[in-house]
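Thank you all for coming; I would like to take a few minutes to walk through a structure that may be new to most of you. Please have it open in front of you as I talk.

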Number of protein chains: 2
Amino acid sequence: MKKQSAIPGTHEVGAQSAIRSVTAPKGFSASGVRCGIKAEGKDLALIYSEVPAAAAAVFTSNKVKAAPLLISEEHILDGRIQAIVVNSGLANCCTGEQGIEDAARMAKLTATELNIPETSVLVASTGKIGPRLHIEKIEQGIKEAAANLSSSGGADAARAIMTTDTRPKEAALELELFGRKITLGGIAKGAGMIHPGLATMLAFITTDALISPELLKKALLHSVDRSFNMITVDGDMSTNDMVAIMANGLATTAEGEEITYPGKEFDLFQAALDELSIDLAKQIPADGEGATKLLEVRVKGALIEEDARQFARAVAGSNLVKAAFYGCDPNVGRIMAALGQAGEEMEPEEVDIYFGDQLMFRNGCGATFDPAKVASIMEQKEIRIDIDLDLGKAEATAWGCDLSPEYVKINAHYRT
Amino acid sequence: MKKQSAIPGTHEVGAQSAIRSVTAPKGFSASGVRCGIKAEGKDLALIYSEVPAAAAAVFTSNKVKAAPLLISEEHILDGRIQAIVVNSGLANCCTGEQGIEDAARMAKLTATELNIPETSVLVASTGKIGPRLHIEKIEQGIKEAAANLSSSGGADAARAIMTTDTRPKEAALELELFGRKITLGGIAKGAGMIHPGLATMLAFITTDALISPELLKKALLHSVDRSFNMITVDGDMSTNDMVAIMANGLATTAEGEEITYPGKEFDLFQAALDELSIDLAKQIPADGEGATKLLEVRVKGALIEEDARQFARAVAGSNLVKAAFYGCDPNVGRIMAALGQAGEEMEPEEVDIYFGDQLMFRNGCGATFDPAKVASIMEQKEIRIDIDLDLGKAEATAWGCDLSPEYVKINAHYRT
């Protein structure tokens with residue numbers, strides 16, 4: 001974690017602050033409880049804004065969509081949400097009509113406990129695909145979660161949405177808008193089935209900024225394209241992925257300070273949301289199933305940004321590249337093969353590739369490098385791969401992880 | 001291996017026959033020798049037809065193409081080839097102008113030894129990307145290979161093109177055309193970097209049928225789409241993939257018996273080439289890096305054949321599905337997620353899924369199955385997954401393998 005934020009005018013909510021989570025912004029509380037779906041640990045999370053919040057969400061592009069997403073897609077239509085309820089352990093996917101009833105029931109139970117309309121509740125689930133939810137356990141869990149809502153409950157919520165994650169994922173950030181301190185907070189979970197394709201995991205972001213639902217949606221899509229859509233763990237896209245944001249406006253009471261059109265204040269908000277989203281997103285491959293290393297793949301010199309993204313993701317997503325990094329094997333040829341496989345415009349004989357500060361390939365051919373320096377780079381926990389296509393000016397960054405035997409072990413016996 | 005061929009009028013060249021390889025058809029000889037590129041074993045193969053043969057080839061669709069492919073693409077333009085030279089150990093890719101000179105030199109040296117034009121030689125390489133070929137070793141190897149050409153040399157050639165393969169891949173087939181016995185033979189190699197996208201590995205097919213280059217190309221494209229383009233080991237597409245066929249016509253001397261237009265004889269030839277190609281193609285994932293099981297994914301009920309292919313490949317290529325089969329975990333939900341990820345038209349609530357003869361999902365929801373029977377199916381070496389989308393009449397089959405920790409170990413230390 002950087003101490004200093006990269007964006008002028010923003011800074012991270014530091015370790016000295018009590019809360020780096022969804023409850024960092026004003027007026028948000030959260031909780032995480034155990035209702036007994038997972039074999040152990042907390043498995044039901046609730047995030048609540050004390051006033052209705054502008055909201056936006058992106059959902060998986062997988063054609064097989066879990067029941068909670070179908071309910072949430074309806075509830076977010078008006079751009080207003082006040083609570084998010086999430087269970088882990090079961091995905092409530094491939095559960096038919098019953099699954100949709102169960103997801104609607106989760107919204108209704110939450111609405112009743114919080115005394116808000118059920119259309120103000122987003123529902124998310126993550127876990128095994130197929131089995132029906134244990135709705136009685138969830139009912140009990142929702143009651144307990146509502147009773148335990150607290151401004152310090154973000155950490156519990158972050159834990160309660162975990163499946164194969166080995167650690168909770170949280171972040172927060174402050175910026176100044178209209179001379180007032182604005183806070184952004186978020187939690188996320190991975191750690192398998194992570195791959196580009198709209199939303200790619202669960203992430204929930206909160207802010208006390210005052211912004212219209214339309215601009216909030218615009219900002220979220222922009223950030224997701226540069227963060228959650230640029231991470232890959234295993235090339236598999238989940239049926240349950242969702243990124244949602246709530247903006248309750250409680251940092252300000254002045255109506256003239258609502259962001260309702262693009263401009264300087266929107267740009268500042270966008271930059272901060274990008275940074276927060278990237279922070280959360282990177283935590284996912286860093287904790288990818290079986291991962292021992294975070295790979296940051298930066299592509300520049302592409303003709304257009306979408307090409308740059310495809311190239312970066314193709315490299316970060318290649319099993320062969322990932323396995324080579326696991327083995328500390330500087331197999332740059334596999335990066336060339338992955339680039340060529342992306343299918344976008346490139347000139348192989350123009351490509352330069354760096355591992356950290358070491359030039360590995362120049363003009364598409366192997367360069368002379370310092371083996372000792374490269375060996376030390378390959379052993380680091382975070383490795384940067386810079387690729388210059390030398391065709392245009394577009395660039396993009398993707399994040400992935402190495403592929404270890406442990407990934408296979410985790411996924412060979414997940415269900416049973 | 002089936003004893004009886006599935007196609008009326010054809011039968012496999014059985015174990016009683018001496019030769020089930022590229023040298024099974026009349027007039028073909030082959031050899032495989034060691035020239036010293038690989039750490040051990042044979043690493044240079046030669047296939048030769050005693051007369052010029054009609055020829056066709058498909059090459060990788062990767063934008064990064066190895067030097068030998070650039071040379072071979074030129075040499076095959078006129079549809080006539082008489083020899084194929086292949087080295088393993090080094091891919092001659094990302095080797096710049098020098099690499100192209102080296103590949104051209106391989107063709108020239110082979111042509112000199114065989115006293116044929118250099119444009120009658122196809123060149124292929126497989127192995128590590130990046131380093132330059134050891135052209136002096138290859139020169140010596142070509143001399144030795146030419147001196148060792150033999151009608152029983154197919155097995156040596158099949159060994160000499162192996163990289164991480166654990167066993168050679170060969171097949172042969174007989175059929176009757178115009179009342180005469182026609183033979184098809186082939187060799188192939190995998191075993192990593194295997195994924196759909198035109199040609200996906202090295203395969204060389206020979207036949208003594210008399211067929212025009214145009215129809216041979218048509219037949220090859222048809223077969224490749226149903227065989228080599230339907231296998232996946234790890235989602236990575238090689239820079240060096242090539243499938244080539246030579247038809248020397250030596251089974252007949254009657255000019256009226258050349259296949260020069262579509263019709264009954266062409267259809268028989270096509271069916272036999274499909275069968276031979278599928279036989280060779282299936283051997284690749286069956287011997288995939290670290291694979292312990294062959295997965296056959298049959299999709300029916302798709303709207304169009306291309307959709308069916310995409311669905312079948314998405315399932316066979318999913319890391320999560322593959323890892324589950326390695327662990328004997330009947331995680332059918334992951335198959336649903338993989339289908340949804342393919343992006344083609346589907347109705348999740350119409351999908352039926354079978355493992356072997358056991359119905360696992362009916363109408364998109366979990367079915368009641370016999371756990372003991374399913375457990376026994378999951379432990380087999382070849383597992384059939386049948387998926388019925390219930391939308392249309394198109395179908396397709398893909399072949400893949402499970403994902404084991406051994407795959408990662410092989411690929412973590414391939415280069416060093």
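I will speak about strands in chain A, then a pair of helices in that chain, and finally a sheet in chain B.

Before anything else, please keep in mind that this is a predicted model, and that the values I quote are computed from it.

Let me begin in chain A with strand β14, residues 382-388, which is joined by seven bridges to strand β10, residues 294-302, the two running parallel. If you would like a place to look within that pairing, find A:Val297, whose bridge partner in β14(A) is A:Ile385. The strand β14(A) is also joined to strand β11, residues 352-355 of chain A, this time by four bridges and in the antiparallel sense, and there you will see A:Tyr354 standing opposite A:Asp386 of β14(A).

Now to the helices of chain A. Helix α8, residues 319-326, packs with helix α9, residues 332-341, at an angle of about 160°, and their axes are 9 Å apart. Because that angle is over 145 degrees, α8(A) counts as roughly antiparallel to α9(A), and the crossing of the two is left-handed. Which residues of α8(A) and α9(A) meet here? On the α8(A) side they are A:Leu320, A:Val321 and A:Ala324, and on the α9(A) side A:Arg334, A:Ile335 and A:Ala338. Sorted by class, this contact holds five nonpolar residues, one charged residue and no polar ones.

Staying with α8(A), how many of its eight residues are buried? The count is eight of eight, so to speak of the helix as mostly covered is fair, and the buried residues include A:Asn319 and A:Lys322 as well as A:Phe325 and A:Tyr326. Just after this helix, A:Cys328 takes a positive phi of about 55°.

Let me turn to chain B, where six strands form an open sheet with mixed pairing, in the order β13-β12-β11-β14-β10-β15. At the edges stand β13 (365-366) and β15 (394-401) of chain B, each with a single partner strand, so one side of each has no neighbour in the sheet. Further in, strand β10(B), residues 294-302, pairs in the parallel sense with β14(B), residues 382-388, over seven bridges, and B:Lys300 stands opposite B:Asp388 of β14(B). Finally, helix α7 of chain B, residues 305-317, lies across β10, β14 and β15 of that chain, running at about 20° to β15(B).

Notes. Residues are numbered from 1 along each chain as its sequence is written. Chains are lettered from A and ligands numbered from 1 in the order in which they are written. This is a predicted model: local features need pLDDT of at least 70, side-chain atom pairs count only at pLDDT 80 or more; totals for chains, interfaces and linings use all residues. Two strands pair if DSSP finds at least two bridges between them. Axes are lines fitted to C-alpha atoms, for helices over the stretch in contact, and angles run from 0 to 180 degrees between N-to-C directions. Angles under 35 degrees count as roughly parallel, over 145 as roughly antiparallel, 65 to 115 as roughly perpendicular and the rest as oblique. A crossing is left-handed if the near helix is turned anticlockwise from the far one by less than a right angle, and right-handed if clockwise. Two residues are in contact if their C-beta atoms, placed from the backbone, lie within 7 Å. Ala, Val, Leu, Ile, Met, Phe, Trp, Tyr, Cys and Pro count as nonpolar, Asp, Glu, Lys and Arg as charged, and the others, Gly among them, as polar. A residue is buried if 20 or more other C-beta atoms lie within 10 Å of its own, exposed if 12 or fewer, and partly exposed in between; C-beta atoms are placed from the backbone.
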